[in-house]
Amino acid sequence: MAEHTSSSIEIEAAPADVMGVIADFARYPEWTGEVKEAEVLEKDAAGRAEKVRLLLDAGAIKDDHTLAYTWTGDNEVSWTLVKSQMLRALDGSYRLAPLAGGARTEVTYQLTVDVKIPMLGMIKRKAEKVIIDRALAGLKKRVESTPKP
């Protein structure tokens, strides 16, 4: 089994508000930094994205890839790589746990990255950690700065 990297953060918002931002792929370029373009290619019966094309520019890694998403209830989404120019694997998940009676949310992000070019495992884990930390910080900032209806 491939190694993965995982990290968590607390967000001052209800899980539904956090998942709303996670599920809004069209707005990823506004808050993720690395995602320059996101296009939902397929949706499930509930209208949630099942396949998404992402144009990524993370400095050393520039890629156009497609991910397949699986939604588990209202508090978890996972993804696997469908196709990519640079990556062999990009599998991950967001798991949301309500805190303080649902007023806050603990978000756990797990990620496994494997590139087609040779790279030391230690460097891959470091890259995963940077991706996760940036994503969680961006998600927290986006959710907490979004006005509630």
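**Figure 1. Surroundings of Thr105 in the predicted model.** In this predicted model, Thr105 is in contact with Ile9, Glu10, Ile11, Ala13, Ala14, Pro15, Val18, Leu96, Ala97 and Leu99, leaving aside neighbours within four places in sequence. Thr105 itself belongs to strand β7, which covers residues 104–115. With a relative accessibility of 0%, Thr105 counts as buried, because the limit for a buried residue is under 20% relative accessible area. One approach of this residue involves the backbone: the side chain of Thr105 reaches the backbone oxygen of Ala13 at 2.6 Å.

**Figure 2. Pro15 in helix α1.** Pro15 is one of the residues in contact with Thr105, and Pro15 lies in helix α1, a helix that spans residues 15–23. Its relative accessibility of 10% places Pro15 among the buried residues. Beyond four places in sequence, Pro15 touches Asn75, Leu96, Pro98, Gly102, Arg104 and Thr105. Leu96 thus appears in the contact lists of both Pro15 and Thr105. The C-alpha atoms of Pro15 and Glu76 are separated by 10.0 Å, with their positions 61 residues apart along the chain.

**Figure 3. Val21 and its partners.** Val21 is also placed in helix α1. What is the relative accessibility of Val21, and is the residue buried or exposed? The value is 12%, so Val21 counts as buried. Apart from residues up to four places away in sequence, Val21 touches Tyr28, Trp31, Leu139, Arg142 and Val143. One of these partners, Leu139, is 118 residues from Val21 in sequence, yet their C-alpha atoms are 7.5 Å apart in space. Leu139 falls within the residue range of helix α3, residues 121–145. In the chain, confidence is lowest in helix α3, where the mean pLDDT is 79.

**Figure 4. Ser7 in strand β1.** Ser7 is found in strand β1, residues 5–11. At 16% relative accessibility, Ser7 counts as buried. Leaving aside neighbours within four places in sequence, the residues in contact with Ser7 are Val107, Thr108, Tyr109, Lys129, Ile132, Asp133 and Leu136. Among them, Tyr109 is a residue of strand β7.

**Figure 5. The aromatic pair Tyr94 and Tyr109.** The structure holds 8 aromatic pairs. In one of them, Tyr94 and Tyr109 form a tilted pair, with 4.6 Å from centre to centre and 40° between the planes. This pair links distant parts of the chain: Tyr94 is in strand β6 (residues 87–99) and Tyr109 in strand β7, 15 residues apart. Both tyrosines, Tyr94 and Tyr109, are buried. Ring pairs join Tyr94 and Tyr109 with Phe25, Tyr28, Trp31, Tyr69, Trp71 and Trp79 into a cluster.

**Figure 6. Tyr69 and the nonpolar core.** Which residues have the most contacts inside the largest nonpolar core? They are Val18, Ile22, Tyr69, Tyr94 and Leu139, in a core of 35 residues. Tyr69 also belongs to the cluster linked by ring pairs. Leaving aside neighbours within four places in sequence, Tyr69 is in contact with Phe25, Ala49, Glu50, Val52, Leu54, Val77, Ser78 and Trp79. Val77, Ser78 and Trp79 fall within the range of strand β5, residues 76–83. Confidence in the chain is highest in strand β5, at a mean of 97.

**Figure 7. Ala100 in the loop between β6 and β7.** Ala100 is found in the loop between β6 and β7. The phi angle of Ala100 is near 50°, a positive value in a residue other than glycine. Most residues other than glycine have a negative phi. Is Ala100 buried or exposed? Ala100 is exposed, with a relative accessible area of 52%, because exposed means over 50%. Ala100 and Glu12 are 88 residues apart in sequence, and their C-alpha atoms are 9.8 Å apart in space.

**Figure 8. The whole chain, for orientation.** The chain contains 3 helices and 7 strands, in the order β-α-α-β-β-β-β-β-β-α along the sequence. Of its 149 residues, 39% count as buried. The chain exposes about 8100 Å², of which carbon and sulfur atoms supply 54%. Among contacts with a separation of 6 or more, 46% are between residues 24 or more positions apart. The average pLDDT of the chain is 88, and 88% of the residues score at least 70.

How values were computed. Residues are numbered from 1 along each chain as its sequence is written. This is a predicted model: local features need pLDDT of at least 70, side-chain atom pairs count only at pLDDT 80 or more; totals for chains, interfaces and linings use all residues. Side-chain values use heavy atoms; hydrogens and water are left out. pLDDT is the predictor's confidence in each residue, from 0 to 100. Helices (H or I, at least four residues) and strands (E, at least two) are DSSP runs, numbered from the N terminus. A nonpolar core is a set of buried Ala, Val, Leu, Ile, Met, Phe, Trp, Tyr and Cys residues joined through side-chain atoms within 4.5 Å. Buried means under 20% relative accessible area, exposed over 50%, partly exposed in between (1.4 Å probe, protein chains only). Contact means heavy atoms within 4.5 Å. Accessible areas come from the Shrake-Rupley method with a 1.4 Å probe; for residues, only the protein chains shown count as cover. A polar contact is a pair of N or O atoms within 3.5 Å; within protein, one must be able to donate a hydrogen and the other to accept it, and residues adjacent in sequence count only if both atoms are side-chain atoms. Rings of Phe, Tyr and Trp (its six-membered ring) pair if their centres lie within 6.5 Å; planes under 30 degrees apart count as stacked, over 60 as edge-to-face and the rest as tilted.
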